[in-house]
Amino acid sequence: MTTATDPLKTNGQPALGDTAVDETAVADFAAQLRGTLIQPGDAGYDEARTVYNAMIDKKPRFIAQCADVADVIAAVRFGREHDLLIALRGGGHNGPGFGLCDDGLVIDLSAMNAVRVDPKARTVRVEGGATWGDVDHATHAFGLAAVSGIISTTGVGGLTLGGGHGYLTRKYGLTVDNLLEADVVLADGRLLRASEEENPDLFWALRGGGGNFGVVTSFLFRVHPVDTVHAGPTFWPMEQAETVLRWYRDFLPSAPRDLYGFFAFLTVPPAPPFPEELHGKKMCGVVWCYTGPEETLEETFAPVLAVGEPALHGVQAMPYPAVQSMFDALYTPGDQWYWKGDFVEEIPDAAVALHVEHGAQLPSMLSTMHLYPIDGAVHEVEETETAWSYRDVTYSMVVVGVDPDPEKNEELRSWTRAYWNALHPYSAGGAYPNFLMDEGQERVRASYRGNYDRLAQVKAKYDPTNLFRVNQNIQPAAV
């Protein structure tokens, strides 16, 4: 426990913003915590308010680094009683920076990162502050894996509550399709369990509805027998991009579910394991993950190698955690990020041409565009079974401008917006919530379609005052 500093002064200077909380109340709150309460002027404040996207520079009034569920309950009550803006932070990867807020309270779960595997039941219980790297480390020891994303430093909570898609999605569905239950601290400070049997309306909303309904302190997931896989990229010269993308849009939906691959425009990093002659070249590619038997590996990838003239085919056997962390060293915390996403049903030839036009203009080495497949097992779930409603699409697209240099921010934004604006007419209307920036209510509604009104009803039941509103906000329905 850290004793709070004077809430009205930080190192002799006036406190941030206009938030005035009685000094005794702050001291009492700090005394309740097993974790640490950090305020402006405290050692570690700047580190504690740093998130993955360096474009985000928010200055909270309080950061409660929670050690356990009791700390979370105390933090929620403190924030509510003092009318503070509350942000919920897990892994800190949220693009628009919703894990922070200015002049409010951040409830930071990152120290709550315990993971417990039940190999007999094939489940894993994960605390709300864990990353997918924490999960992969624990499950791989038993030859098991959970459905997650593509970067292991991503937080479990944020990815899951937005729906969650990644390398295992075609075979095993979304992350939320594998969620069995969750423990949630509500706006009134109560702790509830949400599952198909307990508080099923809340459980429905958590599966895609984001952090709108409470603080999830633990998740229980179904896990699957995934150990060593065959994974890696195939790259083609940019001149072949039109041919490759047309082939990809036709091939992937009909491919075996054991095969996952996302399409990308990219600049080849100037480092091993990539050959020097490709360093710095703009190319198109597909990043693969194959979970099927080795005896069908050659047959599965034969159509891939028959397309155009691949400049690199880097598929090889590797443990699943290595697949999950392939991009960790490339996309490290502290870069400037701006992204925009959309769901896509089809990619007509006119859209292919626009992709190639904008993909050839990548503004930095780290900037990219990804098309993630949303088919297979995802399509076996009805659109009203979970809050995630886009069960009929084929891809989740994201256009990403990334660079370490803040001087490039406007260029990153301009390229991302121009690319997205060109392709949006070919979209299904909404986007994966985790690929939204702070784009307003119309985009939030579009991303939930017919499920939005039901989500608003659940919000009104569990968070009627919209205490948890630093998110892709679902506003409570009028009672």
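Two strands count as paired if DSSP finds at least two bridges between them. Keep that in mind as you look at this predicted model, where five strands form an open sheet. We'll start with that sheet, then look at a helix lying across part of it, and finish with helix 11 and helix 12, whose axes come within 10 Å.

**The sheet**

- Read across the sheet and the strand order is 7-8-11-9-10, with antiparallel pairing.
- Strand 7 (115-118) and strand 10 (191-195) are the edge strands, so to speak the two ends of the row, and each pairs on one side only.
- From one strand to the next, the twist averages 15 degrees.
- Zoom in on strand 9 (residues 179-185) and strand 11 (residues 215-222): they run antiparallel and are joined by six bridges.
- Here's a spot to find in that pairing: glutamate 181 stands opposite leucine 220 in strand 11.

**A helix across the sheet**

- Helix 4 (residues 132-140) lies across strand 7, strand 8 (123-127) and strand 11.
- Its direction makes an angle of about 35 degrees with strand 7.

**Two helices side by side**

- The axes of helix 11 (residues 349-359) and helix 12 (residues 409-423) cross at roughly 175 degrees.
- Angles over 145 degrees count as roughly antiparallel, so that's how helix 11 and helix 12 are arranged.
- On the helix 11 side, the contact is made by Ala351, Leu354, His355, His358 and Gly359.
- Helix 12 brings Trp415, Ala418, Tyr419, Ala422 and Leu423 to the contact.
- Sort the residues of this contact by type and you get seven nonpolar, three polar and no charged.

How values were computed. Residues numbered from 1 in each chain as written. Predicted model: local features only at pLDDT ≥ 70, side-chain atom pairs only at ≥ 80, totals over all residues. Heavy atoms only, no water. Helix = DSSP H or I, 4+ residues; strand = E, 2+ residues; numbered from the N terminus. Axes fitted to C-alpha atoms, helices over the stretch in contact; angles between N-to-C directions. Contact = heavy atoms within 4.5 Å. Parallel < 35°, antiparallel > 145°, perpendicular 65-115°, else oblique. Nonpolar A, V, L, I, M, F, W, Y, C, P; charged D, E, K, R; others polar.
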